[in-house]
Each structure stands twice: as C-alpha cells, then as structure tokens.
Amino acid sequence: MKEREIVTLQRSLLTDTEQLLNKQIEMEGKSSAYYLSMASWCHKMGYENAANYLYTHADEERMHMMKLFHYVNEAGGHAIQPEITGIRHNFNSLREVFELILEHEIQVTKSINHIVDHAFTVKDFATFSFMQWYVTEQREEETMSRRALELFDIIGEEGIGLWTIDQELGKLNAAAHADSGGQGE
Ligand code: OFO
C-alpha cells in the first residue's frame, strides 16, 4: 500500500490542508519573533509601555502558533517547528514600528481567510470550525493595531507627544487584556 493511501485511511486531514496549517504555524512563529524584536528596540529606546505591549504581543503570537501546532498533531498530521530567520532588529521610529504591525496583521488576516476558504471548499469542517477562533482574534488584533497607530495622528509626535503616545499605549494594552479577562489573547 502506498504511503498516501495509508495516510488517507488514518486521518481525514488532507495533505494540502496540513501544509497550509504548517505555513500558518510558521507565520505565527515569525510574528512572535518579529514582535519580540520590536519590543527589544522599543525597550532600548526608552518606550517602556510600547515595549510591554510588544512583549505581551510576542507571547500571544507564540500561543497562536502552539494552538495550531497541537491541532495539526492531534488531527494526525505533523506540525513542523519553523525556521525563523531574517528578523529585523532596528527601526526608524516608534511610528514605523506600529505601521509595520498593522501591515503585518493584515497579511496574517489574509492568510487565515485563505485557510478558512480552503477548509470550507474541501469540506473539512473540523478545520473550518477550529479556524473561527483565529478569524475573531484577527479582527481584534487589527482593531487594536489601528487604535495604536491612530494615537500618532491624534496626539502628534512633537514635544511630549511621543512620551504621551507611550503612556496611551500602556493604557491600550491594559484595556485589551482586561477585556479578554486577563487571558492574554
Ligand atoms: Fe496571530 O495574531 Fe497577530 O499575527
């Protein structure tokens, strides 16, 4: 019996779905590393609240990766620990950091939507249902990233502007985690 036939007998997870989920694992792992690198830059530059916001965000992205990791293995697949390279370490400004975050989150949303669309098309309703958590999570993350970026326009960066933005980022982070009941999602 060929390997593919054995695999088909032992699980309902299709190989292409498994590949897409592994690509998403990689994306979440990279998100975590990317935000950790941004957190470090913010910390070094004295933006304490922005750094905490991003340290928390990096942890959440790892949790997103692990949730997928367990799902793939429990569904009979093989979750692959991604290679993470090419992470940027320096940024031109605090604003640039938050612009990059929003841009990145939009890419993640597109990738999640692609998996949901695929799962529906191949009638993999277990994966379709599992991915709904990510759909909601992405909507929340995009909203939060947009809120953060808006602070730069509302407050302005002159004078004590950047200091004030950093304070507001701290409040945004605290409010987001109070909303999620301290679940850190
Ligand atoms: Fe994993 O939610 Fe952001 O990227």
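Does N113 count as buried, exposed or partly exposed, and what is its relative accessibility? In this predicted model, N113 counts as partly exposed because its relative accessibility is 43%, a value that lies between the 20% under which a residue is buried and the 50% over which a residue is exposed.

**Figure 1. The whole protein chain, which holds six helices and zero strands.** Read from the N terminus on, the elements run α-α-α-α-α-α, and the C-alpha atoms of the chain fill a box of roughly 70 × 30 × 25 Å along the principal axes. Of the 185 residues in the chain, 43% are buried. When contacts are taken between residues at least 6 apart in sequence, 75% of them join residues at least 24 apart.

**Figure 2. Helices α2 and α3, each with the glycine that comes after the helix.** Helix α2 covers residues 15-45, and because each residue is expected to add 1.5 Å, its 31 residues should span 45 Å, which agrees with the 45 Å between its end C-alpha atoms. Helix α2 is followed by G46, whose phi is positive, near 90 degrees. Helix α3, with 27 residues, reaches 39 Å from its first C-alpha to its last, close to the 39 Å expected at 1.5 Å a residue. Just after α3 comes G76, which takes a positive phi of about 95 degrees.

**Figure 3. The surroundings of H57 in helix α3.** Helix α3 runs over residues 48-74 and includes H57, which counts as buried because its relative accessibility is 6%, and buried means under 20%. When residues up to four places away in sequence are not counted, H57 touches Y35, I101, E105 and E141.

**Figure 4. The largest nonpolar core, with 27 residues, and a second, separate core.** Within the largest core, the residues that touch the most other members are M38, C42, L54, L94, V97, F98 and L169. The elements that give two or more residues to this core are α2, α3, α4 (94-121), α5 (125-155) and α6 (161-179). For a closer look at M38, its neighbours within four places in sequence are left aside, and M38 is then in contact with L54, F91, V97, L100 and I101. The second core, separate from the largest one, has 17 residues, including I25, F69, V116 and Y134.

**Figure 5. The packing of helices α4 and α5.** These two helices pack at an angle of about 160 degrees, and their axes are 9 Å apart. Because angles over 145 degrees count as roughly antiparallel, α4 and α5 are roughly antiparallel to each other. The crossing of α4 and α5 is left-handed.

**Figure 6. The surroundings of E142 in helix α5.** With a relative accessible area of 15%, E142 is buried, because the cut-off for a buried residue is under 20%. Leaving aside neighbours within four places in sequence, E142 is in contact with L102, E105, I106 and T109.

**Figure 7. N113 in helix α4, shown together with N22.** Helix α4 contains N113, the partly exposed residue with which these legends began. In sequence, N113 and N22 are 91 residues apart, whereas in space they are 15 Å apart, taken from C-alpha to C-alpha.

Conventions
Residues are numbered from 1 along each chain as its sequence is written. This is a predicted model: local features need pLDDT of at least 70, side-chain atom pairs count only at pLDDT 80 or more; totals for chains, interfaces and linings use all residues. Side-chain values use heavy atoms; hydrogens and water are left out. Helices (H or I, at least four residues) and strands (E, at least two) are DSSP runs, numbered from the N terminus. The expected span of a helix is 1.5 Å times one less than its number of residues. Buried means under 20% relative accessible area, exposed over 50%, partly exposed in between (1.4 Å probe, protein chains only). Contact means heavy atoms within 4.5 Å. A nonpolar core is a set of buried Ala, Val, Leu, Ile, Met, Phe, Trp, Tyr and Cys residues joined through side-chain atoms within 4.5 Å. Axes are lines fitted to C-alpha atoms, for helices over the stretch in contact, and angles run from 0 to 180 degrees between N-to-C directions. Angles under 35 degrees count as roughly parallel, over 145 as roughly antiparallel, 65 to 115 as roughly perpendicular and the rest as oblique. A crossing is left-handed if the near helix is turned anticlockwise from the far one by less than a right angle, and right-handed if clockwise.
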